[in-house]
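User: Could you take a close look at one helix and what packs around it? I would enjoy a connected walk through that part and its wider setting.

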Amino acid sequence: MSSQSEPTITRDNLLQTPEQEHGSSKPKQFSPANVRKLGLTRKARDRRDFQENENPEERERRHKELELKPLYKELLYTIAHSMGKPSSAEVFTESRLHQYIQEAFTMTEAEHSSLTESVHGAEPPVYCLMATVKEAKEILGKDISGFSDPYCLLTIMEDEEESRTRRSKAKPSKSIVKDVVSNDKIYQSEIKKQTLNPIWNQTFILEFRDIAGASFHLEMWDKDEEVSLTQKLEDIKTNLSSLKRMIKDAKKEKGTDDFLGKVVLKLQDLHCTEDNWYNLEPRTETYPNRGKCHLNLKFIHKARDGTLSAGRSAYTNYCGILQQFVHAYISKQKGSAPWKGALCGEAQTLLEFYASQNDLSPFLQDLAKWVAYSKLYQSLEVDSSVLLQQLTSVEYHWHQQELPHQQKQELGDSLHGFLQYGLCLVAKYRDIFPPTPSATPKLHTLLRILVQICKTKAFQKLNPAKFELHDEIHDAIQTGTQEWFTIKRGLHQPMTKDLAETVSALSRLIGEVQEDIKHNKDAWNRVFLSAVQVDVFTVVYKRFDSMVATEVRKTLSMLEGQMEQALANALFPVYLSLQAIHKDKAFLKTRGSLELTEFQEGFREALPYWLNRAFSLTQDRVERAVQVDQLQPLQSGAVPIKHSTSAVDLVACIQPICQLWEQLSWPDPEEAFMLMVKLTEDVCKIVVNYCHALKERVRVLSQNSDPGSAINMLCVVVNDLEHLRSVLSKLPTQLNWAGLRDRTQNVIGESQFHNTLPSQLQQAQSVLSREIGSALDTLGKKLNTDIETQVRSMSTRRRIPSKSTEDAAAPLMRYLEQELQYMNENLVQENFNSLLTPLWNNSVKIIYQVSTRHPQQEGFMVFCQRLLYTLQCLEQCFLAEGNGLAEKTLHSPEYMVLKAHLTHNSRSSWQLIEKFLQRKIQEQNVNTSEKYGAVTLLASYSRSDQRLRVEVLNAVNLLPMDSNGLSDPFVQLSLEPNHVFPEVETRCTRIKSRDLNPLFEEAFEFLVSLDQCRAPGACLVLTVLDHDILMTDDFEGEAFLALKGLPGVAGEMKGDGLSSQPEVTPAQIRLPLMHPKHNEDSILALLESRRGEQEAQAYVKKRRQRERQSQEGIQP
């Protein structure tokens, strides 16, 4: 095998005979270091014919003389006296075979000529055909019973007999072999009674002089016993169907055998070995189908010259020839691919000839191949499947054929020797079969071979001593692991006594152990489990556990009381490797006690140094990251990254601290909690320091930059802090606080746990929130100042009538659109939303302050209209089609107050009067008190003639306004507002003297359109007055009746709205009289402030007069 580095076996070892191999009876024990020698045999070889200190050239010469030349002469003899054709399709000439063996045995031309001449002078062999008659089937039934008593006659006819046979064909004869060949050359098989499918399995050796013109003859006959005609006729009663055969048989001459068929084969047409079914041929055309006969034919030699190979057995020579051919074949191959059992055609032909001529059975041939290949496996690159195939063949033949004692002994030695050699390879599997896709299958096949050897009947018979392969492999793995560890420990011995060098050497050693355990778990374990059911991972792990624990304790004992940062740093890789090894124990099939279970205890002294180093390194990296940060967004475009490089670097720097927690995996729960507190504290401290460093970096970069760049950098800083806050919020998940809580619930209280770790995190997040809020306030102040300036500038343009509301608000909207777009592009969404909320609230506040500063100024209505429009635009801007602030956030209480205020002040005088009348109508609808009396009337509207008909029926419970305790009441009817009914005059009823419950029963009609009646605030105002002759009429009370609810006005129009409408039934309505309150109506106050509008002032004057006449709020 290519991966095996031990010295190869010389060919003289491989070609020794079994007799030589078993010359010594004392067994020899081998160690794994002597792998090559161990696999040869169980017994030491007799090497007396070679001198140990002989030089290589002399040894090679002696090997050629004693080993190769005898074999070479055997092959020359085989070629010279070859018989039959080879089984391969390609036929090689004698000269080609000579050329091949000359190359394979590295013979010179002179050596070849000399050896060829000596072979020509050797005694020729006796040519023989070994014929085995196995069986026949479906032969003719010649007896009365329908069966036959068959037997066979065999002979070889050479040219003279063949000529005689041809001459006798003019007169047909019942017998050919008997008539032509003498009885001493005829061989007869046994007679099989009463059968059509006889089985013989008899072997005959037929000699012949020359294969040319010779032919093999087999005749099958039915033995005919002498039986009387009376006995035959007696059978008629029982078998009438055979009447014709019986009559024919009765006529036949007594004692004459019946011919059943023949097989004639020319020897020149035969292969050196044949095993076929042959048709039994007739002498005539009668009964052409006579069945078949199964023959095994083989050309062999008798009296072969024994001086060619110095009396060696044919089996031994076959082994030597086979090994030499394999060596020659492999030496010609290019590349390093293993040999898969193939040989060239010449080699196969010669091996077939030699095996056939020397009558080597298939069992012996397969045995020779196993012995040869198993030896070659130890010195050459031989595919393991070749051995497995030969082992299977040997096992098959073991049940079919008995081996001679000598070959049995050799087979036993070979199987046992290969087992020992295989176990040595198993012990060194790390070096020979590395964990690669190409090497592990070779290990698997080797283990399968070892298993198959132990399963074979041959091994169990020839090696009766108990041999447990599972235990042997287990011991080999343990031994190999011990030796591997010893070698590695020697390689990693420290060069000096320096403690740091000692720790470094231990780290390298344990690193190699960790890697080896990984390979055993991931690669080799599958191979051993599937092949021999050995859990190599468990065996190796437990062996390493003891050895590694000893080395670790030894090194740590040297460090007691001398710990420093450099030593702690060197110990950390050792700890990580041990941690990885310790985690692999989860894959053990059987646990038991392990020495590395509490390995962390020895590293407690180094733990503070590890934490300090992690914090210092992270802090330095963060500071360097801030120093090189230009506070520019990392990426713009379709997927922008709005934070800067230092934020990314900070996250990357914090990650090792989180990884440190996972790497430590400290087992003690209470100590693990304190460790987590320390790690969390370090992370929070790094975050706070980063905030301070970032603020200083902004200050440095902003000193010589324009305001726009400063704002841009401020936006990036806000994004950095927001990114850091989101990362910090994931810290409990990264550090697995939940898992730690489960581990510590029995030693750390719930309140202590949550008051420690979360509070640390909250403090750091509070710092981030303050810094983010401070930066956003800085950005918001600038925007608020500019917004206030824009809003105030709108009030200075209120006197310009040509300036529309849209034009007045346009500068502010352009400014906001530009600024907000800029902020949206440069701030992350969370911070942008955080900026929008205070910005919106401040905008609402500014607009409210401006709108309430000078409410009585001229043009205030136009100004409020502009502000209302601006507020609506701002609302849409901040809403941003659902992508900005939520509607709930926008519609704050302050916003609702401002909107109502601006809406109120933005109305025209007519709209205000309509609003005032709507309030009065609403007040009338909810008023049920009749302390000022009530008026009853009938009212309806006729759409056909567009007339409003009102019939005043009466008034009741009026107030006494005269000194006599009575009143002179009348009712005044008017349609309001005046701008809706400008041409409708006020109507009055007749005066009813001295009556507090007057009965009027007067009807009035008003010519008004339906649209007028449905106008906002359209109502009928009924004012009850007390008539005075000399003074102003006294005010009794008033009532407001909405026109849109009257019959004829309410509902949809049908048809043309005129002639098709049915007659409307008037509604009787009772209206309580009301008195207005004094100076409490905001609408009247607003109308009163508009001094330039005469209609508004006239309406306010009339309403103020009613307030003065009102008794509402006057104490009786």
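Analyst: Here is a walk from one helix out to its surroundings.

A word on the basis: this is a predicted model, where local features need pLDDT of at least 70, side-chain atom pairs count only at pLDDT 80 or more, and totals for chains, interfaces and linings use all residues. Residues are numbered from 1 along each chain as its sequence is written, and side-chain values use heavy atoms, with hydrogens and water left out.

Let us start with helix 19, residues 469-491. Helices here are DSSP runs of H or I with at least four residues, strands are runs of E with at least two, and both are numbered from the N terminus. The expected span of a helix is 1.5 Å times one less than its number of residues. For the 23 residues of helix 19 that gives 33 Å, and the end C-alpha atoms are 32 Å apart, which agrees.

Which residues of helix 19 are buried? They are Leu469, Ile473, Ala476, Ile477, Gly480, Thr481, Trp484, Phe485 and Lys488. Buried means under 20% relative accessible area, exposed over 50%, and partly exposed in between, with a 1.4 Å probe and protein chains only. A general point helps in reading that list: an α-helix has 3.6 residues a turn, so residues three or four places apart point the same way.

The cover over these buried residues includes helix 15 (405-427), helix 16 (429-432), helix 17 (440-455), helix 20 (499-532) and helix 21 (536-559). Contact here means heavy atoms within 4.5 Å.

Take helix 15 from that group. Its 23 residues should span 33 Å at 1.5 Å a residue, and its end C-alpha atoms are 33 Å apart, which agrees. Helix 15 is itself mostly covered, with 18 of its 23 residues buried.

Two other members of the cover pack on each other: helix 20 and helix 21 meet at an angle of about 170°, and their axes are 10 Å apart. Axes are lines fitted to C-alpha atoms, for helices over the stretch in contact, and angles run from 0 to 180 degrees between N-to-C directions. Helix 20 is therefore roughly antiparallel to helix 21, a label for angles over 145 degrees (under 35 is roughly parallel, 65 to 115 roughly perpendicular, the rest oblique). Their contact has 18 nonpolar, four polar and three charged residues. In this count Ala, Val, Leu, Ile, Met, Phe, Trp, Tyr, Cys and Pro are nonpolar, Asp, Glu, Lys and Arg are charged, and the others, Gly among them, are polar.

Phe528 brings several of these pieces together. Leaving out residues up to four places away in sequence, Phe528 touches Val426, Tyr429, Leu443, Leu447, Ile473, Ile477, Gln533, Val534 and Val536. Along with Phe325 and Trp370, Phe528 is among the residues with the most contacts inside the largest nonpolar core, which has 215 residues. Such a core is a set of buried Ala, Val, Leu, Ile, Met, Phe, Trp, Tyr and Cys residues joined through side-chain atoms within 4.5 Å. Helix 25 (residues 669-702) gives the most to this core, with 14 residues. A second, separate core of 36 residues includes Leu937, Ala939, Leu948 and Leu973.

Stepping back to the whole chain, the secondary structure comes to 38 helices and 16 strands. Buried residues make up 49% of the 1116 residues. Among contacts between residues at least 6 apart in sequence, 79% join residues at least 24 apart.
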